[in-house]
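Open the model in a viewer and keep the selection tool at hand. The stops below give what to select and what is there.

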Amino acid sequence: MPRKVFVIGVGMTKFEKPGNSDRDYPDMVAESAKAALADARIPYTDVEEIYAAHVYGDSTSGQRAVYGLGMTGVPVMNVNNNCATGSSALWLAARAVKGGLADCVMATGFEKMAPGSLREVWTDRESPLALHTQAMASLRGPGSPMAPWLFGAAGQEHMDRYGTTAEQFANIAHKNHKHSVNNPYAQFQQEYSLEEILAAPAITGPLTKLQCSPTSNGSATAVLAGEEFVDRHELADQAVEIVGQSVVTDMADTFDGTAAALVGVHMSRAAARQVYEQAGIGPQDIAVIELHDCFSTNELLTYEALGLCGPGEGGGLIEAGETTYGGTWVVNPSGGLISKGHPLGATGLAQCAELTWQLRGTAGARQVEGAATPAGVALAHNIGLGGAAVVTAYRSAQRGSH
C-alpha cells in the first residue's frame, strides 16, 4: 500500500536578476538547502536521496550543487524537464517516499541564467519543441522569441474565440505584481497600475513586457519524509501532506490545431483531473493556488484548465476579483513567475515552499485566509513545454490527516 508523503522542510533564496550578483549556483543551493534542513530540524545525514533540478549547466551540476552540504555518498539524480523541472524533481522525490524506497528525500532546484529578458532555452533548429513550432509556424512573426510567441498566440486565440480583452490579461499581471510587494523572496516587489502594464513595451499578441516572467537566478529546496519519520521526529506540527500529484506529458490532442493546446492546456487539464480524483477534492475545496504564470495569458488559460471556471470564462474570473484576496481563490500570492521570477529549475520548488508556508499559517502579509485551517487545501501547477504539466495538491498534516 502506498505510504503518505509529507513536506517537512522548505527553503529558498531571493530570486535575482542575472548579472546583479556574482553568486554561483552551489552558493544558492547551500542557502536554500540549509534553510530547508533547519526548517525540518534534521541533519543532512538523514537525507537518503537527492533529486537536483536544473535546466542549464552540466549533467552533474546537481552533485556540485550539494557537495557544499557534505559529501555523504548520497545518490544524486539530475532532473531536466524544461520549466516543469522543479516540480518533476519533487514528483520523483515523493515517489521514492511513497513507494517505501526511502524515508527522507530532498528535492533541490536551481538556475544561474544569462542576462537578458525572454531568453530562449533552445534555438529553433535544436529545439525539442520542433513539433510545436512547426505546428504553428504560420502564426509566428519574424524574429519573435518562441515562448512569448506561443503564449501570445494562445492569448490572441482566446480573445478571438471568447471576446477576452487585453485589459483582462493585464489585470492578471496587475494582481501578481501587487501580490509580490509582500514577498521578500521576489525578484520584483513593485506594484504597477493597469495603465502602466498596458503601456509597457509590446512583446507579441496581447502581451506587454510587464506581463512576462523574467530570467532569474535562484534556488529552492524541499525535504520530504514518510509518516513514520514524521512521527519519530515529532514534526506533525509543521508537516504538510502531498495528497495528490500527477505528471502528464504531451498527448495527441496537443496538436489539435489550437495555440492553447500547444502551450499545454490539455496536459494541465488532465493532470488536474487526476489530482482531484487522487485527493478526493475539487476546485471548490482549494483556498490558495500557485500556478505557472510564465505569461499573463497562461494564467488565464490555466484557470479554465484547473476547472476554476468554464471555457471562455477566465477573463470574467479575474475581472470579478475571484483570484485575489477576498475572492474565491488567491492565485499566486507569491507574485507568481511574473513578479517573483522564474529560475527554471527552482520554480516548482518555490511554489512548494510558498504553499507550505500558507498551509502552516506562516506566510506573513501574504497569508491567505482559510489556508491554515482544517479544510485548507493548496494546489500547485507547473508546466514545461516540450512537454510536461505537473499538478500537486497539499494539505496540512496537523489537521488530523495521520
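Select Lys340 and Ser334 to begin: in this predicted model, their side chains make a polar contact of 3.4 Å. Lys340 belongs to helix H13, which covers residues 336-340. With a relative accessibility of 2%, Lys340 counts as buried. Show the residues around Lys340, leaving out those up to four places away in sequence: it touches Phe15, Asn183, Tyr185, Ala186, Gln187, Glu290, Ser334, Gly335, Ala350 and Gln351.

Next, select Asn332. Asn332 is in the loop between strand S10 (330-331) and H13. Check its backbone: phi is near 60 degrees, a positive value in a residue that is not glycine. Is Asn332 buried or exposed? Asn332 is buried, at 0% relative accessibility.

Go on to Glu234, another stop for the backbone. Glu234 is not a glycine, yet its phi is positive, at about 55 degrees. The loop to display runs between helix H8 (227-232) and strand S8 (240-248), and Glu234 is in it. At 63% relative accessibility, Glu234 counts as exposed, whereas Asn332 counts as buried.

For the last backbone stop, select Gly386 and Gly387. The peptide bond from Gly386 to Gly387 is cis, and its omega is near 5 degrees. Gly387 lies in the loop between strand S11 (377-384) and strand S12 (388-396). As background to these backbone stops, most residues other than glycine have a negative phi, and most peptide bonds are trans.

Now select His54, in the loop between strand S2 (49-53) and helix H2 (61-66). Which side chain makes a polar contact with that of His54? It is the side chain of Asn78, at 2.8 Å. His54 has a relative accessible area of 5% and is buried. Beyond four places in sequence, His54 touches ten listed partners that can be shown together: Ser59, Ser61, Gly62, Asn78, Val79, Asn80, Thr85, Phe110, Glu111 and Gly345.

Turn to the cysteines. How many disulfides are there? The count is 0, with a disulfide taken as two cysteine sulfur atoms within 2.5 Å. Select Cys294 and Cys83: Cys294 is in no disulfide, and the sulfur of Cys83, the nearest cysteine sulfur, is 6.8 Å away. Cys294 is buried, with 5% relative accessibility. Then select Cys352 and Cys104. Cys104 holds the cysteine sulfur closest to that of Cys352, but the separation is 13 Å, so the two are too far apart for a bond. Cys352 is also buried, at 0% relative accessibility.

Finish with the internal spaces. Searching the whole structure gives 2 cavities of 30 Å³ or more. The stop here is the second largest cavity, with a volume of about 30 Å³. To see its lining, select Thr13, Lys14, Glu16, Arg23, Met28, Asn217 and Gly218. Colour this selection by residue class: the lining divides into 1 nonpolar, 3 polar and 3 charged residues.

Technical notes. Residues are numbered from 1 along each chain as its sequence is written. This is a predicted model: local features need pLDDT of at least 70, side-chain atom pairs count only at pLDDT 80 or more; totals for chains, interfaces and linings use all residues. Side-chain values use heavy atoms; hydrogens and water are left out. Buried means under 20% relative accessible area, exposed over 50%, partly exposed in between (1.4 Å probe, protein chains only). Helices (H or I, at least four residues) and strands (E, at least two) are DSSP runs, numbered from the N terminus. A polar contact is a pair of N or O atoms within 3.5 Å; within protein, one must be able to donate a hydrogen and the other to accept it, and residues adjacent in sequence count only if both atoms are side-chain atoms. Contact means heavy atoms within 4.5 Å. On a 1 Å grid over the protein atoms alone, a cavity is a set of points where a 1.4 Å probe fits but cannot get out, and a pocket is an open set with protein on both sides within 12 Å along at least five of seven lines; lining residues have an atom within 4 Å of a point. Grid points are joined across faces, edges and corners, and a volume is the space filled by probe spheres set on the points. Ala, Val, Leu, Ile, Met, Phe, Trp, Tyr, Cys and Pro count as nonpolar, Asp, Glu, Lys and Arg as charged, and the others, Gly among them, as polar.
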